[in-house]
Amino acid sequence: METVETVLGPVPLAELGPTLAHEHVFVLEPEALRNYGHALGEPWWDEEARVAAAVATLSALRAAGVRTIVDATAIGLGRDVGRVRRVAEAVGLNVIVASGVYSFLELPRFLAYRSDEQLVELFVRELREGIDDTGIRAAFLKCAVEAHGLAGDVPRILRLIAAAAVETGAPVMVHTNARQRTGLLALEALTEAGVDPRRIVVAHAGDSNDLDYLRALADTGAWLGLDRFGWERFNPDEQRIETLLALLEAGYGDRLHLGHDAACFYDFMAANPRFAPGEGQDYLLIPERILPRLRDAGVTQEQIDELLVETPRRFFAG
């Protein structure tokens, strides 16, 4: 029986159920907390209160029928899988976590001065043995190609991620910038390093409504992350729905990942007037508002099951 690793241990793939394929639980950088936690007005972090709030938020998501989320919080976003496990235990939610590095330009210093071999070993260890001493195993690798393109340490990061993916068979999620079409750069770099495109999801592809770009990505065999519903600043939901319907009509429904890129807490939004209250925190948008719109447009329950159940299952099955 095939399984996938979660923060609560291995889960049979057949039991993942409806899955949101790109979310976060907490984005919280320890250095920011220790240096700015009291510097912007009222303290913006209380461990027990934030964990309790996350339990309440994700309990509502589970009550809405979602059984699994893919937590795309790699190093660079403040990953703390022990904290996530506390929430998952209380909710009874499957949470799949990532290895890898989220960086637009530079490796963190702790990693930058180590050999390529040592970094690949670290990624492989997280996939095969566990993250530090938690016993929690990652199930996929995460990296990024932002607007800067293949600059700075990014080519090195992609090579290392590819090496770990090839060694373990783990799938890869790559954050991309749709406006700059960096999904194409990411796919080229990862596939040249040996990763099968069918093991890669191009995250945030759904920020684009350019069907030529999206088809160019999907026609390689890669998966498309339509994973920022609710982030109007990147692409209005009305247009995201139109693009999703067009992709379903064109026969790409078997390689689309749905999600919100939501989090129970984003530290960069704390005491920051650039972000609206609650922005990027609505996990219920897809089950409560997007799916009814799709049904009204003629999308069948079989197609919805493919998007939310079968596609994530096949991605982690390999």
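**Exercise 1. In what sense do strand 9 and strand 10 pair, and over how many bridges?**

Solution. Keep in mind that you're working with a predicted model.

- Step 1: Look at the two strands side by side. Strand 9 and strand 10 pair in the parallel sense, over four bridges.
- Step 2: Pin down one bridge. Start from M173, and you'll find that its bridge partner in strand 10 is V201.
- Step 3: Now go to strand 8 (residues 140-145). Strand 8 pairs with strand 9 (residues 172-176), in the parallel sense again, over five bridges. Here C143 has V174 of strand 9 as its bridge partner.

**Exercise 2. Work out the order of the strands in the open sheet of six strands, and find its edges.**

Solution.

- Step 1: Walk across the sheet. The order reads 7-8-9-10-11-12, and the pairing is parallel.
- Step 2: Look for strands that pair on one side only. These are the edge strands, strand 7 (98-100) and strand 12 (256-258).
- Step 3: Check the twist. From one strand to the next, the average is 30°.
- Step 4: Add helices. Helix 5 (residues 116-128) lies across strand 7 and strand 8, at about 170° to strand 7. Helix 9 (residues 237-249) lies across strand 11 (223-226) and strand 12, and runs at about 150° to strand 12.

**Exercise 3. Are the residues on the two faces of strand 10 buried or exposed?**

Solution.

- Step 1: Recall the general rule: in a regular strand, side chains alternate between the two faces of the sheet.
- Step 2: Sort the residues of strand 10 (residues 200-203) by side. I200 and V202 go on one side, V201 and A203 on the other.
- Step 3: Check burial. I200, V202, V201 and A203 are all buried, so both faces of strand 10 are covered.

**Exercise 4. Decide why I157 counts as buried, then list what it touches.**

Solution.

- Step 1: Place the residue. I157 sits in helix 6 (residues 154-168).
- Step 2: Apply the cut-off. I157 has a relative accessible area of 3%, and buried means under 20%, so I157 is buried.
- Step 3: List the contacts. Leaving aside residues up to four places away in sequence, I157 touches V101, S103, L107 and C143. You've met C143 already, as the bridge partner of V174.
- Step 4: Try a distance. E129 is 28 residues from I157 along the chain, and their C-alpha atoms are 21 Å apart.

**Exercise 5. How many cavities of 30 Å³ or more does a search of the whole structure find, and what lines them?**

Solution.

- Step 1: Count. The search turns up two cavities.
- Step 2: Take the largest cavity, with about 60 Å³ of space. Its lining includes F26, D71, R79 and V97. Helix 3 (residues 81-91) gives the most to that lining, with three residues. By class, you get four nonpolar, two polar and four charged residues.
- Step 3: Take the second largest cavity, at about 40 Å³. Among the residues lining it are G206, D227, F229 and R240. Helix 9 supplies the largest share, three residues.

**Exercise 6. Describe the largest pocket and its lining.**

Solution.

- Step 1: Get the volume, which is about 720 Å³.
- Step 2: Head for the centre. Of the 29 lining residues, Y102, E146, H175, R228 and F234 are the closest to it.
- Step 3: Split the lining by class: 11 nonpolar, eight polar and 10 charged residues.

Notes. Residues numbered from 1 in each chain as written. Predicted model: local features only at pLDDT ≥ 70, side-chain atom pairs only at ≥ 80, totals over all residues. Heavy atoms only, no water. Pairing = 2+ DSSP bridges. Axes fitted to C-alpha atoms, helices over the stretch in contact; angles between N-to-C directions. Contact = heavy atoms within 4.5 Å. 1 Å grid on protein atoms, 1.4 Å probe; cavity = no way out; pocket = protein on both sides within 12 Å on 5 of 7 lines; lining within 4 Å. Points joined across faces, edges and corners; volume = space filled by probe spheres on them. Nonpolar A, V, L, I, M, F, W, Y, C, P; charged D, E, K, R; others polar. Buried < 20%, exposed > 50% of the residue type's maximum accessible area, 1.4 Å probe, protein only.
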